[in-house]
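Reader: I am a first-year student, and I would like to look closely at a single part of this molecule. Please choose one part, go through it step by step, and then show me how the rest of the chain surrounds it.

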Amino acid sequence: MIKIGIILGSTRPNRNAPQVARWVLEHASRRGDAEFEIIDLKDHPLPHFEEEVPPMFGPSVHAHTRAWAERLAGFDGFIIVTPEYNHGAPGVLKNAIDHAFAEWANKAIGFVSYGVDGGVRAVEQLRSVCGVLGLADVGYQVTLSVKTDFENHTVFRPADRHDVTLNGLLDQLVAWSTALAPLRYSVTDTPDFTEGATHDEQLSVR
């Protein structure tokens, strides 16, 4: 069965992401066509990107990076739950994305965002990043306002209309994850991007 990871894109104290992720999981768990599981970035603390070799060139020498890659590898698709910070995605989320490569490829991804304006600008950035990594981003997007979908900006009270959008996101995400299954490869099948490249060419992607 298709397996989808729900990534909490914030690690701040008193963050709203867990409430939103639980809402997504509650809706998703009613389905019978996929399995869903929460992935919390707090469980995978990663330093600011310090890899001597880019992840596209193979497994990291660092245990924390390998553990993160192994966590992602077993999933067929992802939902990112993200806030918007100053018109952008959280740095911790971008850092986590950069710590993997093959584990993202040929999988589908959807977005549930929140912020003053629904987190739309954070997702605009993430769609561009995910496209480079070979992730197929679905069109449906849940955009939650901290002014109207959170009581006192802290207690999650989503409007009923978001249920319809979330169901559309889940339908499309499961369908795309299933359709992309023949294209997926494991970390051990990652193409050797260094083959035939000079030392300078390999360094240029760092």
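## A close look at helix 4

Author: Read from the N terminus on, the elements of the protein chain follow the order β-α-β-α-β-α-β-α-β-β-β-α-α, which makes 6 helices and 7 strands. Please keep in mind that this is a predicted model, and that the part I have chosen is helix 4, which covers residues 120-132.

Let us begin with the length of the helix, since this can be checked by simple arithmetic. The 13 residues of helix 4, counted at 1.5 Å a residue, should span 18 Å, and because the C-alpha atoms at its two ends lie 19 Å apart, the expected and the computed values agree.

The next matter is which residues of the helix are hidden. In helix 4 the buried residues are Ala 122, Val 123, Leu 126 and Cys 130. When one looks down the axis of helix 4, these buried residues fall within an arc of 85 degrees, so they line one face of the helix. The spacing that allows this is a general one: an α-helix has 3.6 residues a turn, so residues three or four places apart point the same way. On the face of helix 4 that is turned away from the buried side, we find the exposed residues Glu 124 and Val 132.

A buried face must have something against it, and here the partners can be named: the buried residues of helix 4 pack against strand 3, helix 3, strand 4 (107-115) and strand 5 (135-145). Just after helix 4 comes Gly 134, which takes a positive phi of about 85 degrees.

The helix is also tied to another part of the chain by charge, for Arg 121 and Glu 84 meet through their side chains in a salt bridge, with 2.9 Å from N to O. This pair links distant parts of the chain, because Arg 121 belongs to helix 4 while Glu 84 lies in the loop between strand 3 (77-83) and helix 3 (91-98), and the two are 37 residues apart. The two partners are covered to unlike degrees, since Glu 84 counts as buried at 15% relative accessibility, whereas Arg 121 is partly exposed with a relative accessible area of 23%; the reason for the two labels is that buried means under 20%.

Now let us turn to helix 3, one of the elements against which helix 4 packs. Within helix 3, Lys 94 forms a salt bridge with Asp 98, and their closest N and O atoms are 2.7 Å apart. These two residues both lie in helix 3 and are 4 residues apart, about one turn of the helix. Lys 94 is partly exposed, with a relative accessible area of 33%, and Asp 98 likewise counts as partly exposed, at 28% relative accessibility. Elsewhere, salt bridges that share partners join Lys 3, Glu 37 and Arg 71 into one network, and a search of the whole structure finds 12 salt bridges.

It is useful to set helix 2 (63-73) beside helix 4, since its buried residues can be read in the same manner. In helix 2, the buried residues are Thr 65, Trp 68, Ala 69 and Leu 72. They cover an arc of only 95 degrees around the axis, and therefore sit on the same side of helix 2. On its other side, Ala 63 and Glu 70 are exposed. The cover over the buried residues of helix 2 includes strand 1 (2-8), strand 2 (34-40), strand 3, helix 3 and strand 4. Strand 3, helix 3 and strand 4 thus appear in this list and also among the partners of helix 4.

Finally, we may step back to the chain as a whole. Of its 206 residues, 46% count as buried, and among contacts between residues at least 6 apart in sequence, 80% join residues at least 24 apart. The salt bridge from Arg 121 to Glu 84, with its 37 residues of separation, links distant parts of the chain in just this manner. As for the surface, the protein chain exposes about 10200 Å², of which carbon and sulfur atoms supply 51%.

Definitions and conventions: Residues are numbered from 1 along each chain as its sequence is written. This is a predicted model: local features need pLDDT of at least 70, side-chain atom pairs count only at pLDDT 80 or more; totals for chains, interfaces and linings use all residues. Side-chain values use heavy atoms; hydrogens and water are left out. A salt bridge is a side-chain nitrogen of Lys or Arg within 4 Å of a carboxyl oxygen of Asp or Glu. Buried means under 20% relative accessible area, exposed over 50%, partly exposed in between (1.4 Å probe, protein chains only). The expected span of a helix is 1.5 Å times one less than its number of residues. The arc is that of the directions from the helix axis to the C-beta atoms. Contact means heavy atoms within 4.5 Å. Accessible areas come from the Shrake-Rupley method with a 1.4 Å probe; for residues, only the protein chains shown count as cover.
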